[in-house]
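Welcome! Please take a moment to look over the sequence and the 3D view before reading on.

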Amino acid sequence: MLPFHPSRDQIELANVLAALGNPTRLRVLKKLADGGEHPCGSILEGVSKSTLTYHWRALRESGVVWQKPSGRELLLSLRREDLNARFPGLIDALLSSMRIEAR
């Protein structure tokens with residue numbers, strides 16, 4: 001069974017902001033911002049599998065990420081095109097804010 005992904009029209013700002021209101025999930029956003037697909041297990045080091053599953057579900061069901069099977073693992077990628085269509089500039093603003101805070 002494939003996991004639920006909302007369609008572009010179903011992505012709601014409140015759900016996206018709630019998902020990205022967690023520092024761990026913001027780290028995932030930063031990692032996925034390169035535009036590539038990443039194996040789920042390679043994104044966050046030192047986090048239990050059950051915790052990762054919890055975070056992937058929050059990001060996927062809010063419409064922030066795509067999660068697709070590839071062999072024995074799942075690949076994550078940022079839904080930048082869909083998010084930019086729904087909320088222009090949001091992802092870039094969040095990423096810019098994270099770069100400023102890192103200084």
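The paragraphs below walk through a helix pair, a nonpolar core and two residues to look at one by one.

Keep in mind as you go that this is a predicted model. A good place to begin is with helix H2, which covers residues 23-32, and helix H3, which covers residues 49-62. Their axes come within 10 Å of each other and cross at roughly 70 degrees. Angles of 65 to 115 degrees count as roughly perpendicular, so H2 is roughly perpendicular to H3. The crossing of these two helices is right-handed. If you would like to find the place where H2 and H3 meet, look for Thr24, Arg25 and Val28 on H2, and for Tyr54, His55, Trp56, Ala58 and Leu59 on H3. Sorted by character, the residues of this contact are five nonpolar, two polar and one charged.

From there, let us move to the largest nonpolar core, which has 23 residues. Which of them touch the most other members? They are Val16, Trp56, Leu59, Val64 and Leu83. Several elements build this core: helix H1 (13-19), H2, H3, strand E3 (73-78) and helix H5 (90-102) each supply at least two residues. H5 gives the most, with four residues.

Trp56 deserves a visit of its own. You will find Trp56 in helix H3, and you have already met this residue in the contact between H2 and H3. Is Trp56 buried or exposed? Its relative accessibility is 5%, and buried means under 20%, so Trp56 counts as buried. Leaving aside neighbours within four places in sequence, Trp56 is in contact with Val28, Cys40, Ile43, Leu44, Val65, Gln67 and Leu76. Val28 in that list belongs to H2 and is part of the helix contact described above. Another residue to look at alongside Trp56 is Ala19: the two are 37 residues apart along the chain, and their C-alpha atoms are separated by 9.8 Å.

Our last stop is Ala33, which sits in the loop between H2 and strand E1 (38-39). With a relative accessible area of 24%, Ala33 is partly exposed. Which residues does Ala33 contact, leaving aside its neighbours within four places in sequence? The answer is Leu78, Arg80 and Leu95. Finally, try tracing from Ala33 to Ser48: they are 15 residues apart in sequence, and 23 Å lies between their C-alpha atoms.

Note on methods
Residues are numbered from 1 along each chain as its sequence is written. This is a predicted model: local features need pLDDT of at least 70, side-chain atom pairs count only at pLDDT 80 or more; totals for chains, interfaces and linings use all residues. Side-chain values use heavy atoms; hydrogens and water are left out. Axes are lines fitted to C-alpha atoms, for helices over the stretch in contact, and angles run from 0 to 180 degrees between N-to-C directions. Angles under 35 degrees count as roughly parallel, over 145 as roughly antiparallel, 65 to 115 as roughly perpendicular and the rest as oblique. A crossing is left-handed if the near helix is turned anticlockwise from the far one by less than a right angle, and right-handed if clockwise. Contact means heavy atoms within 4.5 Å. Ala, Val, Leu, Ile, Met, Phe, Trp, Tyr, Cys and Pro count as nonpolar, Asp, Glu, Lys and Arg as charged, and the others, Gly among them, as polar. A nonpolar core is a set of buried Ala, Val, Leu, Ile, Met, Phe, Trp, Tyr and Cys residues joined through side-chain atoms within 4.5 Å. Buried means under 20% relative accessible area, exposed over 50%, partly exposed in between (1.4 Å probe, protein chains only).
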